[in-house]
Amino acid sequence: MGMWTSLDPMWEMPAEKRIFGAVLLFSWTVYLWETFLAQRQRRIYKTTTHVPMELGQIIDSETFEKSRLYQLDKSTFSFWSGLYSEIEGTLILLFGGIPYLWRLSGRFCGYAGFGPEYEITQSLVFLLMATLFSALTGLPWSLYNTFVIEEKHGFNQQTLGFFMKDAIKKFIVTQCILLPVSSLLLYIIKIGGDYFFIYAWLFTLAVSLVLVTIYADYIAPLFDKFTPLPEGKLKQEIEIMAKSIDFPLTKVYVVEGSKRSSHSNAYFYGFFKNKRIVLFDTLLEEYSILNKDIREESGMEPRNDGEGDSEEIKAKVKNKKQGCNNEEVLAVLGHELGHWKLGHTVKNIIISQMNSFLCFFLFAALIGRKELFAAFGFFDSQPTLIGLLIIFQFIFSPYNEVLSFCLTVLSRRFEFQADAFAKKLGKAKDLYSALIKLNKDNLGFPVSDWLFSMWHYSHPPLIERLQALKNSKQD
């Protein structure tokens, strides 16, 4: 009885203090859980110094050691950046950083002649200052990650000037989207009446669909150069494969990702009958600027696009090929198109929107609770933006953790299904070799702690994917 008696004073505290304490307690519980998982994985990096027997035919000892050291450095960085982030967030809550920033934004509005009745205007100033603070405090960590860790392991292709211009451009573009969308959302909540949560949900749904539609055509080109894939065998084979599964392909682009990093990727986008495929140049063995010297030595034409060799791009050409050959690229695309054919994209959108509707519904039920605002230092006012921040970020955090884990499990299932789809297209052998190459190019470590991978990996571990492909490959 003594233990339960000691808890009585806590339950006798005011509701706002109990809420505040629970939020802090849960935040640190999640942090300690994540740290525990990271330390389990770090132990794998430290102790697995030789290629395991089952991986002997997949990865050579030199690449294995490079990937091990790379992941160790990333693990160390993640520990310190995570600790800083948790301490920063705790101090902001303990010292009333959110109400202080709200009052400061009101003061700036007052200087411009806007009184307290202009809540939406004050909310936009608050958002601008909050995102600026986040960008400035995160900048040193981003610089260290790019110019120390990524540089050390041969991935970084940026100069400091390019990095800073890129960061400023990202901040401006983010504000150009965030501020108008936020102002409209707050206005809808204000005038929506009892059913505002339905209108708010429909608005965010429309915004998300518009952003998905315009991102690759109008936003991404602000940061990277997109060029149509040249006519040739690869493009022809991509079009044939798309037609064979009724994928409504309209264009194939190559994005110059090599000016920023040597990591590789591929994706598709668009709705209905207007689908486009985007390939990173680092994915294409015969296109990547990182293979420039090798292409020239073999007599192939070097790329001449006017920007690929600019002074801002430090092209670190290695004496090795990077990327996949044409058949392997087709296998990777077979996997990606499998996500479309099997309805994974639509299922993810449906899950996302069901979650969004549920959150807005619960927000509508909780927004009138004054103790939620009081818990975070808002005793005399209940601004809508602050309500969104408190409820979506803090009150929903346990639900968000559970949902995130469930989506991670679902994502791994989808990845296996997409691999199986590529097998049905006859691409098992090429996908097998492509996965090995991509793991090598990105210095992925093929050994993982089971608990860490279960909680974090949205893609199955390499060895599991290869095992699933192996039987078909042998057949």
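**Pocket lining.** I started with the second largest pocket and sorted its lining residues by type: eleven are nonpolar, ten polar and four charged. A reminder to myself before going on: this is a predicted model. The pocket holds about 510 Å³ of space. I then asked which of its 25 lining residues sit closest to the centre, and found Leu139, Phe163, Ala167, Ile168 and Lys170. Two elements give two or more residues to this lining, namely H5 and helix H6 (160–191).

**The whole chain.** Next I stepped back for an overview. I counted 17 helices and four strands in the protein. Of the 475 residues, 43% are buried. I also looked at contacts between residues at least 6 apart in sequence, and 77% of them join residues at least 24 apart.

**Helix H4.** I picked H4, which runs over residues 97–111 and has 15 residues. From first C-alpha to last it reaches 21 Å, close to the 21 Å expected at 1.5 Å a residue. Which residues of H4 are buried? I noted Ile98, Pro99, Leu101, Trp102, Leu104, Ser105 and Cys109. The cover over these buried residues includes helix H3 (61–94), helix H5 (119–152) and helix H13 (384–395). So H5 turns up here as part of the cover of H4, and it also contributes to the pocket lining. After H4 comes glycine 113, with a positive phi near 90 degrees.

**Salt bridges.** My count came to 13 salt bridges. I went through three of the pairs by hand.

Arginine 40 and aspartate 449 meet through their side chains, with 2.9 Å from N to O. Arginine 40 belongs to helix H2 (residues 15–47), while aspartate 449 is in the loop between helix H15 (428–441) and helix H16 (450–456), so this bridge ties together parts 409 residues apart in sequence. Are the two partners buried or exposed? Both arginine 40 and aspartate 449 are buried.

Lysine 152 and aspartate 73 form another salt bridge, again at 2.9 Å from N to O. Lysine 152 is in helix H5 and aspartate 73 in helix H3, so the pair ties together parts 79 residues apart in sequence. Lysine 152 is exposed, at a relative accessible area of 57%. For aspartate 73 the value is 22%, which makes it partly exposed because the buried class ends under 20%.

The third pair I opened was lysine 437 with glutamate 328, whose closest N and O atoms are 2.9 Å apart. Here helix H15, home of lysine 437, is linked with helix H10 (residues 326–341), home of glutamate 328, across 109 residues. Lysine 437 counts as partly exposed at 25% relative accessibility. Glutamate 328, at 4%, counts as buried.

A general note to go with these entries: side chains of opposite charge can pair when their charged atoms come close.

**Cysteine 359.** I found cysteine 359 in helix H11 (residues 344–366). It is buried, with a relative accessible area of 5%. What is cysteine 359 in contact with, leaving aside neighbours within four places in sequence? I listed Phe392, Phe396 and Tyr399. For phenylalanine 396 I also took the C-alpha to C-alpha distance from cysteine 359, which is 8.2 Å, with their positions 37 residues apart in sequence.

**Positive phi away from glycine.** Two residues went on this page. Aspartate 246 has a positive phi near 65 degrees, and it is not a glycine. I placed aspartate 246 in the loop between helix H8 (233–244) and strand S2 (249–255). At 58% relative accessibility it counts as exposed.

Leucine 443 is also not a glycine, and its phi is positive at about 55 degrees. Where does leucine 443 lie? It is in the loop between H15 and H16, the loop in which I had already placed aspartate 449. Leucine 443 has 9% relative accessibility and counts as buried, whereas aspartate 246 is exposed.

Methods:
Residues are numbered from 1 along each chain as its sequence is written. This is a predicted model: local features need pLDDT of at least 70, side-chain atom pairs count only at pLDDT 80 or more; totals for chains, interfaces and linings use all residues. Side-chain values use heavy atoms; hydrogens and water are left out. The expected span of a helix is 1.5 Å times one less than its number of residues. Buried means under 20% relative accessible area, exposed over 50%, partly exposed in between (1.4 Å probe, protein chains only). Contact means heavy atoms within 4.5 Å. A salt bridge is a side-chain nitrogen of Lys or Arg within 4 Å of a carboxyl oxygen of Asp or Glu. On a 1 Å grid over the protein atoms alone, a cavity is a set of points where a 1.4 Å probe fits but cannot get out, and a pocket is an open set with protein on both sides within 12 Å along at least five of seven lines; lining residues have an atom within 4 Å of a point. Grid points are joined across faces, edges and corners, and a volume is the space filled by probe spheres set on the points. Ala, Val, Leu, Ile, Met, Phe, Trp, Tyr, Cys and Pro count as nonpolar, Asp, Glu, Lys and Arg as charged, and the others, Gly among them, as polar.
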